[in-house]
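Here are my notes on this one, point by point. Have it open in your viewer as you read.

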Amino acid sequence: MSNGNNGLKKGLGIHARRVIAYIVLIVITFFCLFWFYILFINATRSNGELQSGFTLLPSTHAWDNWINLLHGTLPIWNGMLNSLIVAGCSAVLSVYFSTMTAYAIHAYDFRLKKYLYPFILMIMMIPTQVTALGFVNLVDTMGLEDSFIPLIVPTIAAPVTFFYMKQYMESTLPLALIEAARIDGSGEFHTFNSIVLPLMKPAIAVQAIFTFVSSWNNYFIPALILHEDKKKTLPILIAQLRAADWLKFDMGQVYMMIAFSIFPVIVVYLVLSRQIVQGVAVGSVKE
Amino acid sequence: MGLENYKSLFEGGDIWIYAKNTMVMWIMCFVPQIILSLLLGAWFSDTRLRLRGARFFKTVIYLPNLIMASAFAMLFFTLFSDGGPINSLLMQIGFIDTPYRFLSNTGSARGLIALMNCLMWFGNTTILLMAGMMGIDTTLFEAAEVDGATSTQVFFKITLPLLRPILLYVVITSLIGGLQLFDVPQILTNGTGDPMRSTMTLIMFLNKHLYSKNYGMAGALSVVLFIMTGVLSLIVFKVSGNDKRKG
């Protein structure tokens with residue numbers, strides 16, 4: 001594949017353009033990473049050191065900050081555990097049922113199918129914030145406040161995940177395969193679990209990560225539902241940290257807390273960055 | 001009686017302020033974001049340029065998108081606080097003498113929110129646009145090359161027009177996302193929308209009503225937001241419906 005810059009006579013030469021591109025990219029990289037670098041540096045410094053000014057060098061107080069944070073007022077392990085439970089269950093349920101829905105629309109013919117697909121896509125566009133009122137009201141009436149059920153169960157209906165799965169199925173799941181399984185006497189449910197799911201593995205991995213991360217980062221809905229300290233997820237604890245009179249805080253602990261809540265996602269991302277970045281592109285080309 | 005909530009919602013005049021705030025911050029975030037994304041997308045998809053480490057750069061620019069928005073906002077709050085590291089840094093290099101109060105000035109507070117959102121979303125936009133650019137028929141570029149077009153001409157006369165459907169999709173989905181602006185300003189300003197409610201967004205307003213269980217107003221506001229996103233979504237549908245690459 002060649003591009004429009006071959007045989008370029010006027011305009012900048014290819015070398016100059018390359019140099020400019022690298023400079024811009026390096027500046028952007030700096031702006032993306034600088035904040036996190038400062039975060040991790042500051043998490044290793046004591047409160048006194050933090051007051052005394054800015055530095056790019058790490059200090060030695062990471063462990064002290066960590067111990068102080070653990071013995072502080074924020075139930076961070078509880079928060080981490082709650083976040084893990086909610087995000088983990090959401091990811092599993094959302095991916096499994098979305099794949100199932102996509103399979104139903106892909107492999108079966110039924111009445112009104114024609115309308116179902118655009119209908120699901122339409123729901124995809126409605127932001128959660130808009131329906132929050134009814135949702136919170138419902139949760140109130142059902143007495144499910146301070147429970148993880150309203151955060152986990154609704155993720156079963158995930159139009160975005162469904163859409164991605166449907167796209168992926170169209171390119172990788174031949175109907176003949178399903179026919180063959182049927183002829184061999186495999187039940188429908190068994191076909192789905194043992195033939196369709198394994199074939200969908202790459203798509204499932206990508207979507208599981210996305211669902212996990214978005215649930216992990218979610219603040220709006222959990223903050224309206226979880227009120228008890230022991231039930232709070234990490235974003236709510238961060239908000240609580242912000243709402244507290246933060247000047248009284250040991251800033252080393254504050255940085256440690258922020259680092260603690262974003263660290264797991266950064267690690268997962270660094271391990272799986274390739275699949276994630278590719279996944280974004282694949283899901284978007286054919287919108 | 002049912003319409004009373006709508007009346008008080010619009011008559012208070014607050015909703016217009018918040019709608020304006022939301023729009024201003026969206027524009028401040030979106031304009032640099034789309035320019036950056038188009039530029040990066042064009043560079044990454046340009047095979048003649050052969051940028052090394054494209055995968056590394058893509059990994060880096062997508063990273064902020066996955067960071068917890070509330071943690072990111074809290075981080076910026078501490079970094080840009082009056083006695084925070086950024087002020088120390090600026091004073092140490094002699095750029096300013098007294099701490100600049102980033103969060104007490106309308107411009108800088110909005111700017112910070114826009115900067116954070118821009119950082120969080122430009123990677124995503126870049127990847128979307130790049131995918132669109134990769135899909136353009138390469139013979140068009142070859143023809144332009146034969147005709148002696150410069151890379152700027154190629155970009156504005158070929159890439160941009162052909163990218164229009166995906167570009168419009170990006171603009172509108174970003175607008176829908178912009179209407180939902182919440183986590184970052186909420187944490188950064190502790191829900192107050194300070195200074196002088198200039199960073200208060202529509203969803204923060206909604207959240208306030210939901211929190212105080214003022215369901216009448218919250219409902220009216222939800223309906224207004226629903227209609228706004230509904231209209232925008234219809235445009236998306238029309239656009240992607242016309243797109244021949246539709247899967």
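1. Burial in chain A: 49% of the 287 residues count as buried. Keep in mind throughout that this is a predicted model. The accessible surface of the chain is about 13700 Å², and carbon and sulfur atoms account for 70% of that area.

2. Overall dimensions. A compact globule of 287 residues would come out with a radius of gyration near 19 Å, whereas chain A has 24 Å. Along the principal axes, the C-alpha atoms of chain A fill a box of roughly 75 × 70 × 35 Å.

3. Secondary structure. What is chain A built from, helices or strands? There are 14 helices and zero strands, so the DSSP string, read from the N terminus, is α followed by α right through to the end.

4. Contacts along the sequence. Take the contacts in chain A between residues at least 6 apart in sequence: 73% of them join residues at least 24 apart.

5. Charges. Chain A carries 18 positive and 15 negative side chains. If you plan to look at electrostatics, note that the centres of the two sets lie 15 Å apart.

6. Cysteines. How many disulfides does a search of the whole structure find? Zero, over all chains. For Cys32(A), the closest cysteine sulfur belongs to Cys118(B), and at 9.3 Å it is too far for a bond, because a disulfide needs the two sulfur atoms within 2.5 Å. Is Cys32(A) buried or exposed? Its relative accessibility is 1%, so Cys32(A) counts as buried. Cys89(A) has a relative accessibility of 32%, and therefore counts as partly exposed.

7. A residue to click on in chain B: Leu162(B). You will find Leu162(B) in helix H8 of chain B, which covers residues 151-162. Relative accessibility there is 40%, so Leu162(B) counts as partly exposed; the buried class would need a value under 20%, and the exposed class one over 50%.

8. Surroundings of Leu162(B). Which residues does Leu162(B) contact, leaving aside its neighbours within four places in sequence? The answer is Ile136(B) and Leu140(B). For a distance check in your own viewer, try Leu162(B) against Trp16(B): these two are 146 residues apart along the chain, and their C-alpha atoms are separated by 36 Å.

Conventions. Residues numbered from 1 in each chain as written. Chains lettered and ligands numbered in written order. Predicted model: local features only at pLDDT ≥ 70, side-chain atom pairs only at ≥ 80, totals over all residues. Heavy atoms only, no water. Helix = DSSP H or I, 4+ residues; strand = E, 2+ residues; numbered from the N terminus. Rg over C-alpha atoms; globule rule 2.2 N^0.38 Å. Buried < 20%, exposed > 50% of the residue type's maximum accessible area, 1.4 Å probe, protein only. Contact = heavy atoms within 4.5 Å. Areas by Shrake-Rupley, 256 points an atom, 1.4 Å probe, with all protein chains shown as cover. Lys, Arg positive; Asp, Glu negative; His and termini not counted. Charge placed at Lys NZ, Arg CZ, Asp CG, Glu CD.
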